[in-house]
Amino acid sequence: MKILLVDDEPEILDELRDVLSRRGHTVMCVDGAMAAIHTLGRNGPFDVLLTDIRMPDGSGIDVVRACLDLQPKAARYVMSGHAGDEEIARARDEGALDYFPKPVALRSLMQVLAGLGGERDAAPQARPAKRPSPKTVRRH
């Protein structure tokens with residue numbers, strides 16, 4: 001999967017990038033909300049967005065909203081070590097699928113990503129609607 005990681009803490013980005021890359025994911029890291037929104041508009045498509053909620057240059061909730069607009073097929077997740085229940089609820093209301101407290105439990109993250117891969121692999125392909133044959137169309 002192609003994953004966009006957003007956090008203003010370099011050590012968080014490094015740890016998550018290393019773990020996810022070792023598991024075969026393509027990972028792009030950016031260090032703030034504005035860079036993330038720019039990246040969503042110019043790169044991709046991404047399968048997953050994982051963003052911190054609180055960053056000096058903006059909110060991860062704004063990043064989630066931008067992702068929903070720019071790359072609506074991406075699964076959107078937020079993480080934070082300081083967010084309250086209201087912020088987490090707001091992130092979900094704006095399109096985040098779930099929340100990971102920091103430090104992120106890597107096992108939980110891997111389970112979520114594995115579930116996404118399984119769901120996408122198992123999802124039936126959309127079929128075009130069948131048009132009625134001219135022989136079966138009745139005209140009144």
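## Confidence in the model

This structure is a predicted model, and its chain averages a pLDDT of 86. Of the residues, 84% score at least 70. Residues 118-140 are another matter: pLDDT stays under 50 over that stretch, and the model has six contacts for it beyond four places in sequence. Where pLDDT is low, the predicted coordinates should not be read in detail.

## The overall layout

Try tracing the chain from its N terminus. You will pass through elements in the order β-α-β-α-β-β-β-α-β-α-β-α, which gives five helices and seven strands.

How much of the chain is buried? Of its 140 residues, 39% count as buried. The accessible surface comes to about 8800 Å², and carbon and sulfur atoms hold 51% of that area. Now look at the contacts with a separation of 6 or more: 65% of them come from residues 24 or more positions apart.

## Two nonpolar cores

In soluble globular proteins, nonpolar side chains tend to be buried together. Here, the largest nonpolar core has 22 residues. Leu4, Val6, Leu40, Leu49, Ile53, Val63 and Val78 are the members that touch the most others in it. Strand E1 (2-6), helix H2 (33-42), helix H3 (60-70) and helix H4 (85-93) each supply at least two residues of this core. Which element gives the largest share? That is H3, with five residues.

There is also a second, separate core of 19 residues, which includes Leu5, Leu50, Ala75 and Leu116.

## Val63 and Thr51

Val63 is a good place to zoom in on the largest core. Leaving aside residues up to four places away in sequence, Val63 touches Ala33, Ala36, Ile37, Leu40, Leu49, Thr51 and Met55.

One of those partners, Thr51, lies in strand E3 (residues 48-52). Is Thr51 buried or exposed? Its relative accessibility is 0%, so Thr51 counts as buried. With residues up to four places away again left out, Thr51 touches Val6, Gly60, Val63, Val64, Tyr77, Val78 and Met79.

## Aromatic rings and a charge

Tyr77, one of the contacts of Thr51, brings us to the rings. The chain has one aromatic pair. Its rings belong to Tyr77 and Phe100, with centres 5.8 Å apart and planes at 55°, so the pair is tilted; the tilted class covers angles that are neither under 30 degrees nor over 60. Tyr77 lies in strand E6 (residues 75-80) and Phe100 in strand E7 (residues 98-101), so the pair ties together parts that are 23 residues apart in sequence. Both Tyr77 and Phe100 are buried.

Another ring to find is that of Phe46. The charged end of Lys2 sits over this ring, 5.0 Å from its centre.

## Two cis peptide bonds

Most residues other than glycine have a negative phi, and most peptide bonds are trans. Where can you find cis bonds in this model? One runs from Gly44 to Pro45, with omega near 10°. Pro45 has its place in the loop between H2 and E3.

Another cis bond joins Lys102 to Pro103, with omega near -5°. Pro103 is found in the loop between E7 and helix H5 (106-122).

Technical notes. Residues are numbered from 1 along each chain as its sequence is written. This is a predicted model: local features need pLDDT of at least 70, side-chain atom pairs count only at pLDDT 80 or more; totals for chains, interfaces and linings use all residues. Side-chain values use heavy atoms; hydrogens and water are left out. Rings of Phe, Tyr and Trp (its six-membered ring) pair if their centres lie within 6.5 Å; planes under 30 degrees apart count as stacked, over 60 as edge-to-face and the rest as tilted. Helices (H or I, at least four residues) and strands (E, at least two) are DSSP runs, numbered from the N terminus. Buried means under 20% relative accessible area, exposed over 50%, partly exposed in between (1.4 Å probe, protein chains only). A charge sits over a ring if NZ of Lys or CZ of Arg is within 6 Å of the ring centre and within 35 degrees of the ring normal. Contact means heavy atoms within 4.5 Å. Accessible areas come from the Shrake-Rupley method with a 1.4 Å probe; for residues, only the protein chains shown count as cover. pLDDT is the predictor's confidence in each residue, from 0 to 100. A nonpolar core is a set of buried Ala, Val, Leu, Ile, Met, Phe, Trp, Tyr and Cys residues joined through side-chain atoms within 4.5 Å.
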